[in-house]
Amino acid sequence: MLNNIDVSLLELKIVNSEDATVPYFELNNNGISCKITTSMKVNENYSLANTDRLIYLTITAGTTPPDEIYLSQEFTKIPNSQDIFSIQSDIFIDKKYLIDEHEHLKYDFANVSLSYTHKHPGEMGVGESIRVGTFFKTKVPILDIRGGK
């Protein structure tokens with residue numbers, strides 16, 4: 001339970017550029033381009049929160065700061081109900097963040113996390129609020145599908 005809100009992740013799905021569901025990120029000649037769809041449910045005490053409720057999807061690479069880099073961060077407002085809801089995020093990560101000067105993939109996987117907070121981008125303390133409000137983390141392999149690389 002985070003800030004008196006119980007958020008449950010029901011599904012996380014990665015859809016590649018060919019509309020196929022895959023268990024990895026595909027690095028093509030431009031970078032990673034995919035859709036991430038999540039289904040969630042907000043349970044107890046939802047009506048007690050009297051502020052905006054946001055879900056952040058954060059994608060990083062590397063292991064720990066300062067080596068960890070942010071690749072993408074999307075956010076959306078939680079609908080005002082206790083029903084199951086879905087969020088679809090269009091993700092594009094430029095290849096310049098993922099390959100080295102020899103055109104080799106720098107990272108074997110990306111870190112994907114979901115966080116709950118009431119803070120908006122740019123607000124003071126939003127980074128800490130996202131860190132503390134993280135309710136799901138996973139590692140997603142990066143598959144290099146560039147021709148012959």
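## A tour from two cavities to a salt-bridge network

The residues that line the second largest cavity divide into five nonpolar, two polar and one charged. The model on screen is a predicted one, and this cavity is the opening stop of the tour.

**Stop 1: the second largest cavity.** To display its wall, select I14, N16, V22, Y24, F25, E26, S33 and C34, the residues that line the second largest cavity. Two elements, β3 (25-27) and β4, give two or more residues to this lining. The volume of the second largest cavity is about 30 Å³, and the count of cavities of 30 Å³ or more comes to two.

**Stop 2: strand β4.** Next select residues 31-42, which make up strand β4. Is this strand enclosed or open? Nine of its twelve residues are buried, so β4 is largely enclosed by the rest of the structure.

Keep β4 selected and add its partners on either pairing. Strand β1, residues 7-15, pairs with β4 in the antiparallel sense over eight bridges; to find one position in this pairing, centre on I14, whose bridge partner in β4 is I36. Strand β7, residues 84-94, also runs antiparallel to β4, and eleven bridges join the two. Two positions along that pairing can be picked out by name: C34 has I91 as its bridge partner in β7, and M40 has F85 as its partner there.

**Stop 3: the two faces of β7.** Now colour β7 in two groups, since this strand has a covered face and an uncovered one. The covered face consists of F85, I87, S89, I91 and I93, while I84, S86, Q88, D90, F92 and D94 form the uncovered face. Both bridge partners named at the previous stop, I91 and F85, belong to the covered face.

**Stop 4: the largest cavity.** Stay with the covered face, where I87 and S89 are found, because these residues also lead on to the largest cavity, whose lining includes both of them. The full lining is I36, T38, M40, I55, L57, E74, F75, T76, I87, S89 and L114, and the space inside comes to about 50 Å³. Which elements supply at least two residues each to this lining? They are β4, β5 (54-61), β6 (69-77) and β7. By class, the lining has seven nonpolar, three polar and one charged residues.

I36, the bridge partner of I14, is one of the lining residues of this cavity, whereas I14 itself lines the second largest cavity.

**Stop 5: the largest pocket.** For the next view, select T60, E68, Y70, S113 and K137, which lie nearest the centre of the largest pocket among the 17 residues that line it. Two or more lining residues come from each of β5, β6, β8 (109-117), α1 (126-132) and β9 (134-144). The largest share, four residues, comes from β9. About 430 Å³ of space lies in this pocket, and its lining has three nonpolar, ten polar and four charged residues.

**Stop 6: a salt bridge in helix α1.** Side chains of opposite charge can pair when their charged atoms come close. The structure holds three salt bridges, and one of them joins E128 and R131, with the closest N and O atoms 2.5 Å apart. Both residues lie in helix α1, three residues apart, which is about one turn of the helix. Are these two residues buried or exposed? E128 is partly exposed, with a relative accessible area of 43%, and R131, at 55%, is exposed.

**Stop 7: the network around R146.** Finally, select R146 together with E103 and D144. The side chains of R146 and E103 meet in a salt bridge, at 3.1 Å from N to O. This pair links distant parts of the chain, with R146 in the segment after β9 and E103 in the loop between β7 and β8, 43 residues apart. R146 is buried, with a relative accessible area of 5%, while E103 counts as partly exposed at 30% relative accessibility. R146 also meets the side chain of D144 in a salt bridge, here at 2.8 Å from N to O. With partners shared in this way, salt bridges join E103, D144 and R146 into one network.

Technical notes. Residues are numbered from 1 along each chain as its sequence is written. This is a predicted model: local features need pLDDT of at least 70, side-chain atom pairs count only at pLDDT 80 or more; totals for chains, interfaces and linings use all residues. Side-chain values use heavy atoms; hydrogens and water are left out. Buried means under 20% relative accessible area, exposed over 50%, partly exposed in between (1.4 Å probe, protein chains only). Two strands pair if DSSP finds at least two bridges between them. On a 1 Å grid over the protein atoms alone, a cavity is a set of points where a 1.4 Å probe fits but cannot get out, and a pocket is an open set with protein on both sides within 12 Å along at least five of seven lines; lining residues have an atom within 4 Å of a point. Grid points are joined across faces, edges and corners, and a volume is the space filled by probe spheres set on the points. Ala, Val, Leu, Ile, Met, Phe, Trp, Tyr, Cys and Pro count as nonpolar, Asp, Glu, Lys and Arg as charged, and the others, Gly among them, as polar. A salt bridge is a side-chain nitrogen of Lys or Arg within 4 Å of a carboxyl oxygen of Asp or Glu.
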